[in-house]
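Please look over the sequence and the model shown here before reading on. The report is meant to be read beside them.

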Amino acid sequence: MIQFTNVSKRYPGGHDALSNISFDMEKGAMAFLTGHSGAGKSTLLKLVALIERATRGQLFLDGENVTRISTRRIPYIRRKIGFIFQDHHLLFDRTVFDNVALPLVIAGYSHKEIGKRVRAALDKLGLLNKERAYPVTLSGGEAQRVGIARAVVNKPMLLLADEPTGNLDPDLSRDIMTLFGLFNDVGVSVLIASHDIALIEQMDYPVL
Ligand code: ADP
């Protein structure tokens, strides 16, 4: 699903965030990406999502060499990916429904299809009763689940999560990780950046 060959990333200003990284993640796998703060976990996920571009090396996604892919093609590649942020990045002036619908609106789905898919995603995450709520009224765990619903609503083949439990207590964190496991059980590839070693050790997945 993801292949990095000798990938380096230098940010403008000369800072080497990643140097000479090689790894493979099989389709359908789930893995944790760990390391101290500043180790380059976010950078690695951003390279996979084509939010940042590599300075050196080769990147393959779902068998396609995306190292020098044109900016025009990026949105099409990105539809294969759902991204979950630590602080969920919800839009506060829109309801839960509208937040989750956003990727489908952008992709041009019909009104009817959007309703169907959004409700299916909200149902899966136990959020159907929150459809009309605004993000400020949600708990931290609920807001993170809305972020996950938005990431999976387009049925991506790959989920990337950047410290998804960084703001949650241990019980909620475990629930969220278990949820990722359920998506993985139905074939979605999942890569989760986390520095929560105690939590990672409770889960039986490979660690990068
Ligand atoms: P992590 O997610 O493991 O905490 P990051 O990928 O956020 O690590 O950061 C890796 C290194 O790259 C850090 O030293 C950070 O300061 C630097 N960095 C991250 N983003 C940028 C940026 N946009 N511009 C310059 N340096 C950056």
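The text that follows goes from the whole chain to one helix, then to salt bridges, an aromatic pair and a single arginine.

**Basis of the description**

This is a predicted model, in which local features need pLDDT of at least 70 and side-chain atom pairs count only at pLDDT 80 or more, whereas totals for chains, interfaces and linings use all residues. Residues are numbered from 1 along each chain as its sequence is written, and side-chain values use heavy atoms, with hydrogens and water left out.

**The chain as a whole**

The chain has 7 helices and 8 strands, where helices (H or I, at least four residues) and strands (E, at least two) are DSSP runs numbered from the N terminus. Its radius of gyration is 17 Å, close to the 17 Å that the globule rule gives for 208 residues, so the chain is as compact as a globular protein of that length; the radius is taken over C-alpha atoms, and the rule is 2.2 Å times the number of residues to the power 0.38. Along its principal axes the C-alpha trace spans about 45 × 40 × 35 Å.

Of the 208 residues, 46% count as buried, a term that stands for under 20% relative accessible area, with exposed meaning over 50% and partly exposed in between (1.4 Å probe, protein chains only). The accessible surface of the chain comes to about 10,600 Å², and 51% of it belongs to carbon and sulfur atoms; such areas come from the Shrake-Rupley method with a 1.4 Å probe, and for residues only the protein chains shown count as cover. Among contacts (heavy atoms within 4.5 Å) between residues at least 6 apart in sequence, 68% join residues at least 24 apart.

**Helix 4 and its surroundings**

Helix 4, residues 111–124, has 14 residues and reaches 20 Å from its first C-alpha to its last, close to the 20 Å expected at 1.5 Å a residue; the expected span is 1.5 Å times one less than the number of residues. Which residues of helix 4 are buried? They are Ile114, Gly115, Arg117, Val118, Ala121 and Leu122, and what covers them includes helix 3 (96–106) and helix 5 (140–152). Just after helix 4, glycine 126 takes a positive phi of about 65°.

**Salt bridges**

The structure holds 10 salt bridges, each being a side-chain nitrogen of Lys or Arg within 4 Å of a carboxyl oxygen of Asp or Glu. Among them are the following pairs.

| Pair | N to O distance | Separation in sequence |
|---|---|---|
| Lysine 80 and aspartate 62 | 3.0 Å | 18 residues |
| Lysine 116 and glutamate 113 | 3.6 Å | 3 residues |
| Aspartate 171 and arginine 174 | 2.8 Å | 3 residues |

The bridge between lysine 80 and aspartate 62 links distant parts of the chain, with lysine 80 in the loop between helix 2 (74–78) and strand 6 (81–84), and aspartate 62 in the loop between strand 4 (56–61) and strand 5 (64–65). Lysine 80 is partly exposed, at a relative accessible area of 25%, and aspartate 62 is likewise partly exposed, at 23%.

Lysine 116 and glutamate 113 both lie in helix 4, about one turn of the helix apart; lysine 116 is exposed at 57% relative accessible area, whereas glutamate 113 is partly exposed at 24%. Aspartate 171 and arginine 174 both lie in helix 6 (residues 170–185), again about one turn apart, and arginine 174 is partly exposed at 32%. Salt bridges that share partners also join Lys27, Asp62 and Lys80 into one network.

**An aromatic pair**

A search of the whole structure finds 3 aromatic pairs, counted where rings of Phe, Tyr and Trp (its six-membered ring) have centres within 6.5 Å, with planes under 30 degrees apart called stacked, over 60 edge-to-face and the rest tilted. One of them joins phenylalanine 32 and tyrosine 205 edge-to-face, at 6.2 Å centre to centre and 70° between the planes. Phenylalanine 32 lies in strand 3 (residues 30–33) and tyrosine 205 in the segment after helix 7 (197–202), so the pair ties together parts that are 173 residues apart in sequence. Phenylalanine 32 is buried, at 0% relative accessibility, while tyrosine 205 is partly exposed, at 23%.

**Arginine 145**

Arginine 145 has its place in helix 5 and is partly exposed, with a relative accessible area of 23%. Leaving aside residues up to four places away in sequence, arginine 145 touches Leu125, Gly126, Leu127, Ile176 and Leu179. Arginine 145 and phenylalanine 97 are 48 residues apart in sequence and 12 Å apart in space, C-alpha to C-alpha.
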